[in-house]
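Hi everyone, thanks for coming along. I'd like to walk you through a structure this morning, so let's put it up on the screen.

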Amino acid sequence: MDEGLWSGRDEEGRRLDALLRAAASGSGGAVLVEGEPGAGKSALLARLRGDAHRSGYHVLHGTADELGRRFPLAAVLDCLGRGEAEGAARRARFLELLGDHDDDPIAPVVDAMVGWVTDRCRESPVLLVLDNAQSADSGSLRVWRALAEAAPALPLLVVAAIRPGPDRATLTVLREEFASLGVVVALAPLTPEQTADLVAALLGAPPGPLLCERLAGAGGNLRYVREMLDALRAAGVVEVLDGQAELADTETDFDVPGLSARSVAARLEPLSAEETDVLRAASLLGPGFRVPELAALTGAEAAVAARVVDGLAGNGVLEDAEGLLSFRHEAIREALYERMPRALLPAMHLHTARALDEAGSAPRAVAGQLLRVAGPLDDWSVTWIAAHADGLVRSTPGVAVELAERAAVRVPRDSAEGARLRDVQATGAARLRRPGAADQVSDLLDRTTAPARRQELHLMLLLGLAGEGRFAEALDAVDRALAERPEPEAAVAFHGIRAFLLWSASRLDEADALADRVLSGSAGPLGPLAESYAYYARGLVALTRRRHHRCLEAAEAARRVAGDAEETRDVLTLSTQLAAHVLAHHGRDDDRSRALLGEALALAGDAPGFLPWAHYCMATFTCRTGRWTDALTALRAALSGPQPDDQWLPVALHGIAAFIQGARGRREEARRSLDAIAHLPLNTGIPQTHVPYASMATAMLAEREGDPERALAALRPTLDGDWARELHSCHLWMPDVVRLGLATGDPDLARAALAACEREAGQLDESAASLAAARRCRGLIEEDPGLLRAALDDLAGTDSPPAVGATLEDLAVVLARHGRNDEARVQLNAAAAVYASLGADWYLARADARLRALGVRRGRAGTGGRPKSGWEALTPTELKVARLVAEGRSNPEIAGELILSPRTVQTHVAHIFGKLGVRSRVEIAREAAGKDVGARR
């Protein structure tokens, strides 16, 4: 590769080289390479593969694409199934495992693939590369995660490359997982300086200002910079004079996106007609293909096709990875495909499907071609789909449903083929958790008489109704299923699910008793489905009764029992969300909570009964931890998709949005969120235990408008009646009730709020957030600075900036009322720094107003020459704390090293946030990079 290719990517190359060397010595790892098309990912990965080959690695790589996403394990099979004979046999073994396990077609293949890679690592180091991972199917990503987790103990480097795309949720999950499992290498756009270095390497002279200005139109994209430069040189408008490359013609315009198409055409121009025909056929087959498939499609002898392929590989157009062929540059395949006549493409894909079937290709390959057919299918296709639909629905339900739907319109509804295709549509939709799948299964159940099949469909219907949030219908359905006297193991499974559904109907005692009966074995032989649902029901009952330790234990037990089986996927999703929800609200273990939330999102898929709840859990966690932009992103995602029937979701989601916007001082946006749910009761739905963010937002807006009595009225219902008894996490708003009660002359209400907060803190052992709120409430009522300082100590081990800021504000008020204005000013400044880091304009204005009324304003006592912002504004102690934060140390660790209390460290961190204008510890570390932050000690 020429030197110019690596200009601007030297640092990324060095990082990958270091990882390669470490893996060769037995300390493997995982890396995610991220960059837009043309950023240099493919070239960087090609260089990595070449270096690995030369270092004795066994190298395997594959490329995911959007079509393959519909086939479980397509991407990873492309990678691990490479090799002429050995690879084909290995691929066949993996596919055989996929087809033989109806309960979970993925799990045994994951285990087999990880086992094979582990065995291979005993022979030599292994490099696995998956390009376009954002398009990979969920099964392949599951294998990649397992391999990444195993890599540190093996001579194994696991690499995934992604580019931006519309599926932002998948990209976010991939980034977060690789950030926790390994290294993320982001290929940022080239800086002007890096672009100039690239030009100098290619032309042998640095670029002049006019050429730099023209190349800036490439937006720092490495490919576009090179192609624009090639086009300018070909046009003869670049001259090298006096050691500088400059434009001789400033008038000619060049359309950057069009350059790639011209570049592809230039690469194909030297090829023969025979080679071009083979490449056109290859473009129909997708990113990966083999010589026999090409021969079957073109009608050529295998030897002839192999000769042409060898020539194309030699010309650098194709790449041969142990028998699996691919285009060296995906842009070439895309360009060839796009140049085919649109009107002929359906017929060409139909022809390709028949050719692959006749050549004995796997049904997945044939189905992939039929999926590409736009318009009606022919008779052969319909017959083929009906014959293969049952097998496809087990391994690739999405593909099976789509093809069955298209084929069903071509056959009579009451024919045997029609009935088979409708069965596939219903069962496939249920496996995919598609909206409306439960109704399809119900219709199929009505037409089914065989007892064993009815038993299967009853279970499918129950899970479908629950997955769509239709709990009352599901409870009726489970009673009908039990009335048919199913087999003992199925009956106990129905009882396990029924325990969960009883909870959804607020029949807590019945739900708890039935869960205990199932888990004791007295309801019948215990299987994973029954046991996991019974544990989940026990956890939900415990949650409602505020027994959070028992809830977490039950949720983890449900997760453990559920495992990876297909039939327990729903309860695994639900129990993961339950555990994440409890941890997210109470700050017990933020790292664990963050990991569970990511897992819950991945498990939820697109199911309307699961995904919005997963986004809600993510929103509550990021709201509590002050990552409000992330919270709003999760809220938008939750509101943009299908919704369950219960009304609680829009109330909860719009309520959180209104709360965040209100705290940020964006009153109109907050009002719009509240207006969206003005027609709904605030205490509605399942679960009734969500935090009343809508009431909190209403109170915030009223207080901002100078009406604290109206603000208190909005929160008063959270202390009265059945709703108050069911609400959880009252530590999030009871301190505000206390503050407003005292401000409006209602000490009885303030004491009632204190009692509620202390009652919850007593019920939630080890919940630092609840204990801190109880101390804060009592500290406000008794005007005791010591209690408020103790609350800050409680919060020091949590990631709760909003609560820290509010407690600092209350402490400043109490100190000022004791006449300790200098101390009050210090705490007000600390609170202001936290609020500034959050962008909490209303909180900041409230704090200023409360303290101004007591004669305290922000600023420093006395005069001094220290700057007010930037690194020079930090005190010597703050510099020491910043250095340790940049090293990744926690507040308790910093406190131990500097012999300070955790509360003091928390205050210093708040000051650092304000002075540096940052909002997270990560940003402190980023700001510290390249600075000697420990110099002034």
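Let me begin with arginine 739, which is buried, with a relative accessible area of 9%. Before going further, please keep in mind that this is a predicted model. What does arginine 739 meet in a salt bridge? Its partner is the side chain of glutamate 703, at 2.6 Å from N to O. Glutamate 703 is buried too, with a relative accessible area of 17%. Glutamate 703 belongs to helix 34, residues 693-704, and arginine 739 to helix 37, residues 734-743, so this pair ties together parts that are 36 residues apart in sequence.

There is also a network to look at: Glu668, Arg671, Glu705, Asp707 and Arg710 are joined into one by salt bridges that share partners. Within it, glutamate 668 and arginine 671 form a salt bridge whose closest N and O atoms are 3.0 Å apart. These two are 3 residues apart in helix 33, residues 667-675, and are therefore separated by about one helical turn. Arginine 671 has 27% relative accessibility, so it counts as partly exposed.

How many salt bridges does a search of the whole structure find? The total is 43. Let me show you another one, between the side chains of aspartate 423 and arginine 453, at 2.9 Å from N to O. This pair links distant parts of the chain, 30 residues apart, with aspartate 423 in helix 20 (residues 416-431) and arginine 453 in helix 22 (residues 451-467). Aspartate 423 counts as partly exposed at 23% relative accessibility, and arginine 453 counts as partly exposed at 22%.

Now for the sheet. It is an open sheet of 5 strands in the order 2-3-4-1-5, with parallel pairing. Which strands stand at the edges? They are strand 2 (58-63) and strand 5; each has a single partner strand, so one side of each is left without a neighbour in the sheet. From one strand to the next, the twist averages 15°. Helix 1, residues 10-24, packs on the sheet and touches strand 1, strand 4 and strand 5, with its direction at about 155° to that of strand 5.

Let's zoom in on strand 1, residues 29-34. It runs parallel to strand 4 (residues 156-162), joined by 6 bridges, and parallel to strand 5 (residues 183-186), joined by 4 bridges. If you want landmarks, valine 33 has alanine 161 of strand 4 as its bridge partner, while valine 31 stands opposite valine 183 in strand 5.

Are the residues of strand 1 buried or exposed? In fact, 6 of its 6 residues are buried. As a reminder, side chains in a regular strand alternate between the two faces of the sheet. Here both faces are covered, with Gly29, Val31 and Val33 buried on one side and Ala30, Leu32 and Glu34 buried on the other. Elsewhere in the sheet, strand 3 (residues 126-131) pairs with strand 4 in the parallel sense over 5 bridges, and valine 126 stands opposite leucine 156 there.

One last stop, a helix pair. The axes of helix 41 (residues 801-817) and helix 43 (residues 841-852) come within 10 Å and cross at roughly 5°, so these two helices are roughly parallel to each other. Helix 41 makes the contact through Glu809, Asp810, Ala812, Val813 and Ala816, and helix 43 through Tyr843, Arg846, Ala847, Arg850 and Leu851. By type, the contact residues divide into 6 nonpolar, no polar and 4 charged.

That's my tour, and I'm happy to take questions.

How values were computed:
Residues numbered from 1 in each chain as written. Predicted model: local features only at pLDDT ≥ 70, side-chain atom pairs only at ≥ 80, totals over all residues. Heavy atoms only, no water. Axes fitted to C-alpha atoms, helices over the stretch in contact; angles between N-to-C directions. Parallel < 35°, antiparallel > 145°, perpendicular 65-115°, else oblique. Contact = heavy atoms within 4.5 Å. Nonpolar A, V, L, I, M, F, W, Y, C, P; charged D, E, K, R; others polar. Buried < 20%, exposed > 50% of the residue type's maximum accessible area, 1.4 Å probe, protein only. Pairing = 2+ DSSP bridges. Salt bridge = Lys/Arg side-chain N within 4 Å of Asp/Glu carboxyl O.
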